[in-house]
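Hello,

Here is the structure for your files. My notes on it follow below.

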Amino acid sequence: MNSEEQLIERLTRFYREAGREVSATPPLWVPGKQRTVRWLQPVLASVMLVVLAVGLAVTLRLVRDQAQRKTTPPVVVSPVPAPIPSPSLTPSPTPSPSATPSWVTRHVALGQVQAMSLDATTIFALYAPNPVSGGIDASQMRLARVDRSSGAVTTAGPFPNAWQMARVASGLWLAAGTDPANPSVDTQWLTLLDPVTLKVKQRVHLPGQSTTGPYAIPHLAGTSDLLWSAYGNSLDRLDAATGRVLVTQNLAGTATGLSIDPSSRRLYAGVVPSQGTSALVIEWDGATGRRIASAPTGGVDLGGPTVVAAPDGVWITYATGMMGAVEHRAETSLSVLAGPQHGYSNAIRAFVGGGALWLVDGGAGQVECADLRTGTTAASSQEPLAAAIVADANGSYLGDADGVGFLQPDPSCPH
């Protein structure tokens, strides 16, 4: 029997006993006589019992509810976090690609490469085999012929003070300037070599007159049937087979670079003028030598500008003292298309080939491939002491302080 049943039984017994004591006839009231309250005692007792019963029932309900709360784990409502607004996205400049390890897959040890040229089967490299204190021994410059398929090497020389070369239909021309250490020795010659055997086919005296200082280097630019030379203050078109002078132009300054586009339409030269505070880039018709345009550029006191022709104009590189700069100018007008772009060392050089612009930074030990029109870098690699690149649709090759490297550029490089 539970507590509620016991309570009901007690109340029933109480009322039964109380009923026998309470008269069914109500008491008479006599005025002046005090009323007795005895008849109220059973009623008050009943009320007391009812109150106790209700209190007991409430207590039991509270105890039962408390027990249920202890056995049933409370449901905890997690607060819903207020939504945090996403920050607005601000476009940021695309970072330059990080330099990857070397692209060189095979290396031919020669010596310090100074200049390179390329044809369908061969890589040509002018190099100094034995470095000396403070630089190279220019009197010992040699030529290497490296087969593009097998890597087989043929060498010839020495060719004292040879700094530049150009591949034309009749062979390979080398241009040698003065020897600063022995200015009395006549080394200013153009030499035509057989491109297979490297045997000398022709030698003619280099047109033009040397200047002193860092500008005493001859420059050559050629296509299959055109050959141009810039040396000192003279720009000359030469017969590509014999080296005979056909056209001469006065530069009113000293040449620091020369390049012709593969279509033979435009010829470009970097020049440090005899008077003036700015270097110049000058453009001529590639066949006739007719002057088309000129524009100021940088590098006047630091070696002058170097130039490399592109399908739509010319890429120019030069030292500024603290760093190097690269700029792109349009064909015909020489208006600025891009640049000057900084972030390079003073040793920055540009090369065009294989559908790409190649930026070789020997000071930073890095090579970049870039879009030929915009200069936007696609990829870069770490190439210590890089000096030059030649490239076409079938391959790209690096000249550095140790020889010639066969490159496998990043797939993202233009081609």
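**Rings, charges and a sheet**

Y397 and F406 are both buried (under 20% relative accessible area with a 1.4 Å probe and protein chains only; exposed is over 50%, partly exposed in between). This is a predicted model, in which local features need pLDDT of at least 70 and side-chain atom pairs count only at pLDDT 80 or more, while totals for chains, interfaces and linings use all residues. Residues are numbered from 1 along each chain as its sequence is written, and side-chain values use heavy atoms, with hydrogens and water left out.

Rings of Phe, Tyr and Trp (its six-membered ring) pair if their centres lie within 6.5 Å; planes under 30 degrees apart count as stacked, over 60 as edge-to-face and the rest as tilted. By this rule there is one aromatic pair. The ring centres of Y397 and F406 are 5.2 Å apart and the planes stand at 85 degrees, so the pair is edge-to-face.

A charge sits over a ring if NZ of Lys or CZ of Arg is within 6 Å of the ring centre and within 35 degrees of the ring normal. R106 lies over the face of F406, 4.1 Å from the ring centre. R203 lies over the face of W189, at 4.5 Å from the ring centre.

An open sheet is formed by four strands (DSSP runs of E, at least two residues, numbered from the N terminus). Their order is β2-β3-β6-β7, with antiparallel pairing (at least two DSSP bridges between two strands). At the edges are β2 (112-118) and β7 (153-156), each pairing on one side only. Strand β6 (residues 142-147) pairs with β7 over four bridges in the antiparallel sense, and V146 stands opposite V153 in β7.

Regards
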